[in-house]
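Student: I have a model open on my screen and would like to understand the words people use for it. Could we go through them together?

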Amino acid sequence: MGNEVSDRVIQECVDRISLVCRPGRSYPLHEPFLDFQDAEEVNRCIKSGWVSYVGPATHEFETALSSYTGIPHVICTSSGTTALQLLLRGLDIQPESEVLVPALTFAATAAAIIHAGAIPHFVDVEECALGVDPAALDNYLSDSCRQSSDGKFINVATGRVVSALLPVHTFGLACRIKELRALADSYNILLVEDAAEGLGSTFSGQHVGGFGHGSILSFNGNKIVTTGGGGAVLTYDLEVAERVRHLSSTAKTPHPWRFFHDEVGFNFRLPSLNAALGVSQMRKLESMLATKRTLHSDYKSAFDGFSSATVINEPDDGSSNYWLSTIRWRGLEAGGLDRLLQSLHEHRIMARPIWEPLHTLAPYKHFPHAPLPVTEMLARELVSLPSGVGVREV
Ligand SMILES: *Cc1c(COP(=O)(O)O)cnc(C)c1O
């Protein structure tokens with residue numbers, strides 16, 4: 001029990017967080033930032049009568065996302081999860097093929113792979129920006145996979161095709177996306193980015209989500225920009241975009257009145273009622289990002305001189321939206337993590353640990369995985385702090 005973290009050190013950590021999350025109110029992890037302008041925009045949509053995805057607000061929101069990210073084709077969907085499912089289908093990911101995905105991500109990333117008919121294959125992340133580790137991945141793949149004579153990349157243990165790599169920009173920290181693109185190209189597999197948490201983050205000056213064959217965003221209530229619920233597929237590839245758009249809206253072929261459907265489609269589009277909120281939120285994005293950066297630096301100052309835990313910074317070549325400000329407590333044991341979270345919640349500070357590694361959860365534990373030492377270590381050491389604009393502005 002000698003190395004168990006003491007109550008005194010935990011209390012000091014809570015005291016430092018309380019310099020930012022001052023006593024007297026509760027602090028959700030990431031509440032939406034909504035004001036009268038949002039209400040006006042939604043009201044305008046209601047008054048127009050065009051509330052479904054056919055209405056103009058859906059298109060307007062797609063245009064705003066495209067011009068902000070610089071990625072030409074955007075299709076808004078009912079959620080980030082459905083966006084990812086559609087994108088994988090739109091890219092013709094082979095059924096029963098394996099998609100390489102970090103074990104340390106939100107469950108929706110792996111669920112969407114399965115909904116698209118493929119199989120998640122969990123790989124490890126690196127400590128700096130919490131994204132897929134290109135060097136560890138390269139080593140692992142060169143040991144466990146082989147190139148077939150017809151150019152396919154095969155997992156030797158399962159005999160299945162490996163079709164894609166799906167890295168995540170965790171908490172808005174850009175992963176090493178250029179190295180991952182080069183790696184995917186060298187193995188002749190697709191690169192798909194889960195940028196659900198990445199709106200406003202860049203790598204080498206370019207918005208995340210534009211480095212591979214396609215990417216997704218989420219506009220869930222807790223994300224940077226919200227539409228209540230929603231998501232988007234982003235791609236440079238017009239053909240993929242058209243296929244995603246078609247699949248997303250019942251696969252109906254254009255005709256002024258008849259119902260011709262040329263395959264089994266989905267109903268995964270974002271209604272204009274929701275998109276109207278997105279349009280108004282996009283107008284505030286820059287100011288929300290600025291507030292979140294200030295909040296991150298407030299936390300950094302609060303942790304100045306604390307030796308047990310540090311606030312995670314953006315990587316050298318990436319600018320983060322700081323969706324969630326997160327601290328890392330090296331060597332913290334599971335019991336210490338729970339005691340810290342317990343104490344924070346008693347102070348009405350709704351901090352959260354990072355996700356349970358997916359390969360440890362019942363629905364996902366029978367899928368293949370690489371050795372995951374960094375994932376398993378980080379899962380005990382990370383605590384995300386209240387990071388909504390409202391921590392500073394209310
Ligand atoms: C939020 C999120 C998703 C899913 O988005 P929804 O809109 O909630 O369906 C997928 N991946 C990551 C990393 C997320 O944070």
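Tutor: Gladly! Keep in mind that this is a predicted model. Let's start with Arg243, which has a relative accessibility of 24% and counts as partly exposed.

Student: Why is Arg243 called partly exposed?

Tutor: Buried would need a value under 20%, and exposed one over 50%. Arg243 has 24%, so the label is partly exposed. You will find Arg243 in helix α8.

Student: Which residues does Arg243 touch, leaving out those up to four places away in sequence?

Tutor: Arg243 touches Arg89, Gly90, Asp92 and Glu263. Contact here means heavy atoms within 4.5 Å. Take Gly90: 153 residues separate Gly90 from Arg243 in sequence, while their C-alpha atoms are 5.6 Å apart in space.

Student: Gly90 brings me to helix α4. What makes α4 largely enclosed by the rest of the structure?

Tutor: Count its residues under the 20% cut-off. In α4 (residues 80-90), 9 of the 11 residues are buried, so the helix is largely enclosed. The buried ones are Gly80, Thr82, Ala83, Leu84, Gln85, Leu86, Leu87, Leu88 and Gly90.

Student: What do the buried residues of α4 pack against?

Tutor: They pack against the strands β1 (73-77), β7 (190-194), β10 (214-218) and β11 (231-235), and against the helices α5 (107-115) and α8 (238-248). Strand β7 is itself mostly covered, with 4 of its 5 residues buried.

Student: How do you know that β6 and β7 pair?

Tutor: Pairing asks for at least two bridges. Strand β6 (residues 162-165) and β7 are joined by 2 bridges, so they qualify as a pair, and they run parallel. Leu165 stands opposite Leu191 in β7.

Student: Why is strand β3 called largely enclosed?

Tutor: In β3 (residues 119-123), 5 of the 5 residues are buried, so the strand is largely enclosed by the rest of the structure. Ile119, His121 and Val123 point one way, Pro120 and Phe122 the other way, and all are buried. As general background, side chains in a regular strand alternate between the two faces of the sheet. Strand β2 (residues 98-102) pairs with β3 in the parallel sense over 5 bridges, and Leu100 stands opposite His121 in β3.

Student: Now to another sheet. What makes β12 and β15 edge strands?

Tutor: There are 4 strands in this open sheet, in the order β12-β14-β16-β15, with antiparallel pairing. Strands β12 (309-311) and β15 (352-353) each pair on one side only, and they are the edge strands. For β15 the partner is β16 (residues 382-385), joined to β15 by 2 bridges and running antiparallel. Pro353 stands opposite Val383 in β16. Helix α11 (residues 334-346) packs on this sheet, touching β14 (325-329), β15 and β16, and its direction makes about 15° with that of β16.

Student: Why is α1 called oblique to α11?

Tutor: The axes of α1 (residues 7-18) and α11 come within 10 Å and cross at roughly 45°. Roughly parallel needs an angle under 35 degrees, and roughly perpendicular runs from 65 to 115. That angle fits neither class, so α1 is oblique to α11. The crossing is right-handed. Asp7, Ile10, Cys13, Val14 and Ile17 of α1 meet Gly336, Arg339, Leu340, Ser343 and Leu344 of α11, and these residues divide into 6 nonpolar, 2 polar and 2 charged.

Student: How do you know that Glu4 is partly exposed?

Tutor: Its relative accessibility is 38%, which lies between the 20% and 50% cut-offs, so Glu4 counts as partly exposed. Glu4 sits in the segment before α1 and touches Glu333 and Arg339, leaving aside residues up to four places away in sequence. Glu4 and Glu333 are 329 residues apart in sequence, yet 7.3 Å apart in space from C-alpha to C-alpha.

Student: One last pair: how do helices α2 and α9 cross?

Tutor: The axes of α2 (residues 36-48) and α9 (residues 272-283) come within 8 Å and cross at roughly 145°. That crossing is right-handed too. The contact includes Val42 and Cys45 of α2 and Leu273 and Ala276 of α9, and its residues divide into 7 nonpolar, 4 polar and 3 charged.

Conventions
Residues are numbered from 1 along each chain as its sequence is written. This is a predicted model: local features need pLDDT of at least 70, side-chain atom pairs count only at pLDDT 80 or more; totals for chains, interfaces and linings use all residues. Side-chain values use heavy atoms; hydrogens and water are left out. Axes are lines fitted to C-alpha atoms, for helices over the stretch in contact, and angles run from 0 to 180 degrees between N-to-C directions. Angles under 35 degrees count as roughly parallel, over 145 as roughly antiparallel, 65 to 115 as roughly perpendicular and the rest as oblique. A crossing is left-handed if the near helix is turned anticlockwise from the far one by less than a right angle, and right-handed if clockwise. Ala, Val, Leu, Ile, Met, Phe, Trp, Tyr, Cys and Pro count as nonpolar, Asp, Glu, Lys and Arg as charged, and the others, Gly among them, as polar. Buried means under 20% relative accessible area, exposed over 50%, partly exposed in between (1.4 Å probe, protein chains only).
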